[in-house]
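User: Hi! Could you walk me through this one? I have a few quick things to ask.
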Amino acid sequence: MSQSQEALVSRRSRLLGEKSQLFYDEPVHLVRGEGVWLYDADGRKYLDAYNNVAHVGHCHPHVVEALCRQASLLNTHTRYLHTAILDYVERLTATFDASLSSAILTCTGSEANDIALRMAQAATGRMGVIATDATYHGNTTAVSQLSTRMPPVGGRARHVRLVPAPDSYRQPDAMANGKAFGDAVREAIASLAKDGIGLSGMILCPLLANEGFPTLPSGFFDDAMRAVRDAGGLVIADEVQPGFGRTGSHFWGHQRAGFVPDILTMGKPMGNGHPVAAVVTSRGILATFRNAFRYFNTFGGNPVSCAVANAVLDVIEQEDLVANARDVGAYALGLLRPLAERHECIGEVRGAGLFFGAELVHDRETREPAPDIAEQVANRMRHCGVLMGKTGIHGNVLKIRPPMPFSRDNADVLIGVLDEVLGEVGGVKA
């Protein structure tokens, strides 16, 4: 790390706290972005294979122009009438099942998921919530209760139940039809009932992104959904990662997974880096929520945020980015799969659209997870000019989730560098 970087890290620790998270052993000091590329303070260029924040590409000119135009005209809180929020919600909800016709706009996905939990509680009159034991849904007090990465101070709340995250690599039989997952959800429901709490709902990412995006058979969630709804609970789909066409086959992750949620949330990709997020649900559930909570968000759905979010939808449509995700994602997986024949550390290749990666192991026979190799790969890729991450139940799944304009040429670069790095850190087949 250079002296200037060390000074910046030291200053950051002093001002933001020593545990303020940074990616990579040697953090990147970014100063500019364009499309799928990022540039550091020394002018070095990085291929961004990680960010769903800049969903339609860093600093997309159409989105920037929309932001500037509206910011120069009006921006205020949402207790005045303005048409931008209405126009956007109409356009957004047209992409869902007809039952999902109303929305609340917020600033972050954490806020959106917090509201979704409260909606389920208001609609059912019960508190209990179910999630997987390897998930992440945000940073508010309510949703941080669902994360096992940083257990809550004082222990987990009585109304939370976590079920084992599906693992397509180590438990393929349990993945066959979703019955094991459904049974785990039923056990959680019974536990909530026994404690006199009752079920309000289950929240999950339809791609199970933080769980390592396991390969799910068609209809995998059906049994669990039946269990939740038989118990009078609601299904909440967190679309922050799979939404807005990322999987290539559908605009939303729940559509690809084959179910219609009662409530769904979205965040980062919605504003291409501008802080805007949303909760979408039925008119009935929204009315119940508004009767139960005097909810107000000062900046959620302000005119500038709505202009930006609308411009993002423009770009997705005009540049046919869902089709691009389908094409380039399939192409990239086609390049990635042969790497498993050369590198012993690759246990399984998986993904959908522009969300793909590989599970890394120390031993293919025992399937022992290799989070240390995944960490080394991410850091070496950064030094080779490619930014990516890792995720999963064991922290050993390479996470490749680039901006949606990612091209076949970009995929060639990515997989070529990854091939070299895996050879350096993970061992190559003889």
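User: To start with, how many aromatic pairs does the count come to?
Analyst: Happy to help! This is a predicted model, and the count comes to 13 aromatic pairs. One of them is Phe251 with Trp252: the ring centres are 5.3 Å apart and the planes are at 75°, so this pair is edge-to-face.

User: Cool. Is Trp252 buried or exposed?
Analyst: Trp252 is buried, because its relative accessibility is 0% and the cut-off for buried is under 20%.

User: And which residues do ring pairs link into a cluster with Trp252?
Analyst: Phe96, Phe244 and Phe251 are linked with Trp252 by ring pairs.

User: What about Phe289 and Phe293, what kind of pair are the two rings?
Analyst: That pair is tilted, because the planes of Phe289 and Phe293 are at 35°, with 5.3 Å between the ring centres. Phe289 is buried at 0% relative accessible area, whereas Phe293 is partly exposed at 25%.

User: Switching to charges: which ring does Arg367 lie over?
Analyst: Arg367 lies over the face of Tyr169, 4.5 Å from the ring centre. There is also Arg401, whose charged end sits over the ring of Tyr50 at 4.6 Å from the centre.

User: Nice. Now Arg161, where does that one lie?
Analyst: Arg161 is in strand E6, which covers residues 160-163. Arg161 counts as buried, because its relative accessibility is 14%.

User: A buried arginine, then. Which side chain does the side chain of Arg161 make a polar contact with?
Analyst: With the side chain of Ser191, at 2.8 Å. Leaving out residues up to four places away in sequence, Arg161 also touches others, including Val129, Ile130, Leu192 and Asp195.

User: Same sort of thing for Glu359: which side chain is joined to Glu359 by a polar contact?
Analyst: That would be Arg170, with a contact of 2.4 Å between the two side chains. Glu359 lies in strand E12 (residues 356-363) and is buried, with a relative accessible area of 3%. Beyond four places in sequence, the residues that Glu359 touches include Tyr169, Arg170, Arg350, His394 and Asn396.

User: Any empty space to look at? How many cavities of 30 Å³ or more are there?
Analyst: The count comes to 1 cavity of 30 Å³ or more. The largest cavity holds about 60 Å³ of space. It is lined by 14 residues, and the closest to its centre are Asp167, Glu211, Arg350, Glu359 and Ile393. So Glu359 turns up again, as a lining residue of the largest cavity.

User: Good to know. On to pockets: what volume does the second largest pocket have?
Analyst: About 450 Å³. Of its 19 lining residues, those closest to the centre are Ile85, Ala103, Ile104, Leu105 and Arg290.

User: And which helices and strands each supply at least two residues of the lining of the second largest pocket?
Analyst: Helix H3 (83-93), strand E4 (102-106) and helix H9 (283-292) each do.

User: Last topic, helix H7. Which of its residues are buried?
Analyst: In H7, residues 222-230, the buried ones are Asp223, Ala224, Met225, Ala227 and Val228.

User: What covers the buried residues of H7?
Analyst: The cover includes helix H6 (179-194) along with strands E7 (199-204) and E8 (234-238). One backbone detail to go with that: Gly232 follows H7 and has a positive phi, near 80°.

Technical notes
Residues numbered from 1 in each chain as written. Predicted model: local features only at pLDDT ≥ 70, side-chain atom pairs only at ≥ 80, totals over all residues. Heavy atoms only, no water. Helix = DSSP H or I, 4+ residues; strand = E, 2+ residues; numbered from the N terminus. Buried < 20%, exposed > 50% of the residue type's maximum accessible area, 1.4 Å probe, protein only. Polar contact = N/O pair within 3.5 Å; in protein donor to acceptor, adjacent residues only side chain to side chain. Contact = heavy atoms within 4.5 Å. Phe/Tyr/Trp six-rings, centres within 6.5 Å; stacked < 30°, edge-to-face > 60°. Lys NZ or Arg CZ within 6 Å of the ring centre and 35° of its normal. 1 Å grid on protein atoms, 1.4 Å probe; cavity = no way out; pocket = protein on both sides within 12 Å on 5 of 7 lines; lining within 4 Å. Points joined across faces, edges and corners; volume = space filled by probe spheres on them.
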